[in-house]
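Here are a few short exercises to work through with the model open beside you. Try each task before reading its solution.

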Amino acid sequence: MFRRILNSALLIFFSVSLLSASETYLIDTPTASVLDYGSYSAGFRVFSNGNLLSKIDFGVFKLLNIGVSWELDKFVGNDRIKAAIPALRIKFRVYDGDMTLPEVAVGYDGQGYFFDFNREGNYLQMGKGLYIVAGREFLIEGLTLNAGINMSSFSKPRIHGFLNLITSLYKDIIYFMMECDSMDLKLNFGFKFALTEHISARCVLRNHYDCDNHKICSERVFKISYSGKF
């Protein structure tokens, strides 16, 4: 059932005329960019334990994006698929930036990682929750830097910080990405490959601190993204 739904969604995404989109999310952290009005961006991410995370965002107004994401546990393999609760994503750009000041956006992202029905808060790794992020080109042309703070939980309020960057290594085809996040002490890096003007793939090495087992865990992530305009 789930596989049929996703296969149908892929056909729809490919059949619509595709346009380039802003880099609204890097790996686990947001940027200050938003999608243009009438645009959409969809992505499918495969990570540890055969899990699949699907996301789609829409540019519903000039400065406002709304989206949803959904994690499927053990989608790859022969085990029974378990579906998490869909999560809401909202981003609003409050300042466009200028020659001296960065662009600024505020948002909410309820998507965590490794859904667990038996765990309070459901996710082993919590989502960003409320956040504010600022970004702009930094030092050299093509190097974009974003920095922000977030609060992942309302019941146990705690402020975290994050930083991410992306830069072109070869024309507009190969990019290097890196981010650090004080929540779970994450340090992630990877490469983005522009397969076409509108379709990209990412290979990522993702590290985080496992508070339950008191150790650093690593995983490899593969993601493919599409963008278009209605």
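**Exercise 1.** In this predicted model, decide whether aspartate 109 and arginine 89 are buried or exposed, then find what joins them.

*Solution.* Start with accessibility: aspartate 109 and arginine 89 are both buried. Next, look at the side chains: the two form a salt bridge, with the closest N and O atoms 3.4 Å apart. Finally, place them in the chain: aspartate 109 sits in strand β6 (residues 103–109) and arginine 89 in strand β5 (residues 87–95), so the pair ties together parts 20 residues apart in sequence.

**Exercise 2.** Work out which parts of the chain the salt bridge between arginine 206 and glutamate 219 links.

*Solution.* First, the N to O distance for this salt bridge is 2.5 Å. Then assign the strands: arginine 206 belongs to β14 and glutamate 219 to β15 (residues 215–229), 13 residues apart. Now test burial, for which the cut-off is under 20% relative accessible area. Arginine 206 has 0% relative accessibility, so it counts as buried. Glutamate 219, at 5%, is buried too. Last, follow shared partners: salt bridges join Asp28, Arg45, Lys186, Arg206 and Glu219 into one network.

**Exercise 3.** Find which elements give two or more residues to the largest nonpolar core.

*Solution.* Begin with the members: the core has 11 residues, among them Tyr113, Phe114, Tyr175, Met177 and Val204. Then map them to elements: β7 (113–115) and β12 (174–181) each give two or more. To probe one member, take valine 204: leaving aside neighbours within four places in sequence, its contacts include Ile27, Met177 and Val221.

How values were computed. Residues numbered from 1 in each chain as written. Predicted model: local features only at pLDDT ≥ 70, side-chain atom pairs only at ≥ 80, totals over all residues. Heavy atoms only, no water. Core = buried A, V, L, I, M, F, W, Y, C linked by side-chain atoms within 4.5 Å. Buried < 20%, exposed > 50% of the residue type's maximum accessible area, 1.4 Å probe, protein only. Helix = DSSP H or I, 4+ residues; strand = E, 2+ residues; numbered from the N terminus. Contact = heavy atoms within 4.5 Å. Salt bridge = Lys/Arg side-chain N within 4 Å of Asp/Glu carboxyl O.
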